[in-house]
Amino acid sequence: MDIIVQLIVSFFSTAGIAIIFNVPRKTLFHCGFVGVIGWIIYYLLTERGMDVVDASFFSSFIIAIVAHLYARRFKMPMIIFIVAGIIPLVPGGMAYNAMRNVVEDDYLQGLQYGLKAFLITGAIVMGLVFAEVLMQFVFRAVRSSKAKLRKSYKK
Amino acid sequence: MQSHEADNELTIDCLLLAGRIMIESGAETYRVEDTMLRMAQSQNMLDAQCYATPTGIIFSLGKTQPTRITSISSRVTDLQKISLVNSVSRRLTSHIISLEDAYDELKSIQKTNYFLPIYIQVFAAALASGCFLIMFKGGWSDFPAAFIAGGFGFLTLILINHLTKVKFFSEFTASLIVGSIAFFAVKFNYGTELDKIIISSVMPLVPGILITNAVRDLMAGHFMSGMAKGAEAFLTAFAIGSAIAVILSF
């Protein structure tokens, strides 16, 4: 039951962010879908007890792969599908806690939260970059194998 | 010879306009350079050079031709414009449309405002804030508070952006509004968890596209643009954080 609620709210929140960023109208639904996939992976992994940093990495990795596939299908820049999807992963809570502790003069605790927020941001970015490189390899391999197939067919 | 040079002028105008629109709408710098060079090559400018940063573009044709510069002062996030320019450049490079048509189309893209009406954007921001509250494990009883705080925060951001060019100020005020709405909601018993209400209502203000672009530019080897965008993202985050700190210190 809980997971169905999470599915629905993650769709609406991502689509709302997509409206703010003014994505092309016909991709609004797909942007929401990318957000749902990313959030559900993050949610399930953290519920199973995985660390937030690792979960952010895997989630943004999948987001970038789905976004890449959509970008090829719609012939649009990939960034359209990524941006709304990764917003829920941004460590707003951690940054907030860091700020609160600094204001309360507890600098050590604040630094700890701040460092964690920094790590999560790094994990999100690594996920995006790894997925992008992987997809480049995959599509290059597909293209070259297709070319080989065509050559052998001609013979 | 004369007409040939005039042709070049039109092509360079067209390229610079395309690059300008893309940067003003928040595209990655390496993609802007890539698009401009592809368009140039389709117009038989084989040794064209292009250098784009978030604040300006330099484009040169080679030894004999003059180099052109366009400077860019303001940037927003408008993914629709990016995709429209992308489609124009795709059609130009595969010679489906002519250079003149592409230039006209780009000019109309630059003039048009593709954003949805403000009330729809504010509603979207408000709905997103409410949904974020549920995603961050808040209770449904706090939903109205987050909805209102997120909506008013985003409305403030838009209104003050119209009044002043200083982005730092508008972001600071917007999150100040978010924080005070959340604070008073909790004080008068319309909400329970101040932390979760603030975190979720601030989400529409988070510079997501800047962070993504900064890193993708850095990874593509465009260190200048990457660092510049990173600085812009840091400023935004700092504005939000300091406003929240003001609220929390009460």
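Biologist: Through how many residues does a hairpin join β1(B) to β2(B)?

Modeller: The model is predicted. In it, β1(B) and β2(B) pair in the antiparallel sense over 5 bridges, and Q49(B) stands opposite S60(B) in β2(B). The hairpin that joins β1(B) to β2(B) does so through 2 residues.

Biologist: Which residue stands opposite I58(B) in β3(B)?

Modeller: Strand β2 of chain B, residues 56-60, also pairs with β3(B). That pairing is antiparallel and extends over 4 bridges. Opposite I58(B), on β3(B), stands I69(B).

Biologist: Which are the edge strands of the sheet in chain B?

Modeller: The sheet is open, with 3 strands in the order β1-β2-β3 and antiparallel pairing. From one strand to the next, the twist averages 10°. An edge strand pairs on one side only, and this holds for β1 (49-53) and β3 (68-71) of chain B.

Biologist: At what angle to β1(B) does helix α2 of chain B run?

Modeller: Helix α2 of chain B comprises residues 29-42. It lies across two strands, β1 and β2 of chain B. Relative to β1(B), the helix runs at about 155°.

Biologist: How far apart do the C-alpha centres of domain 1 and domain 2 of chain B lie?

Modeller: Chain B is divided into domain 1, residues 2-111, and domain 2, residues 118-248. The distance between their C-alpha centres is 33 Å.

Biologist: How many polar residues has the side of domain 1 of chain B that touches domain 2 of chain B?

Modeller: The contact between these domains takes 8 residues from domain 1 of chain B and 11 residues from domain 2 of chain B. On the domain 1 side, 2 residues are nonpolar and 1 is charged. The polar residues on that side number 5.

Biologist: Which element gives the most to the side of chain A that touches chain B?

Modeller: Between the chains, 36 residues of chain A are in contact with 43 residues of chain B. The elements of chain A that give two or more residues to this side are α1 (2-20), α4 (79-86), α5 (92-103) and α6 (107-154). With 10 residues, the element that gives the most is α1(A).

Biologist: How many nonpolar residues are there on the side of chain A that touches chain B?

Modeller: The side of chain A in question consists of the 36 residues in contact with chain B. Of these residues, 8 are polar and 2 are charged. The nonpolar residues number 26.

Definitions and conventions. Residues are numbered from 1 along each chain as its sequence is written. Chains are lettered from A and ligands numbered from 1 in the order in which they are written. This is a predicted model: local features need pLDDT of at least 70, side-chain atom pairs count only at pLDDT 80 or more; totals for chains, interfaces and linings use all residues. Two residues are in contact if their C-beta atoms, placed from the backbone, lie within 7 Å. Ala, Val, Leu, Ile, Met, Phe, Trp, Tyr, Cys and Pro count as nonpolar, Asp, Glu, Lys and Arg as charged, and the others, Gly among them, as polar. Two strands pair if DSSP finds at least two bridges between them. Axes are lines fitted to C-alpha atoms, for helices over the stretch in contact, and angles run from 0 to 180 degrees between N-to-C directions. Domain bounds come from an automatic or database domain assignment.
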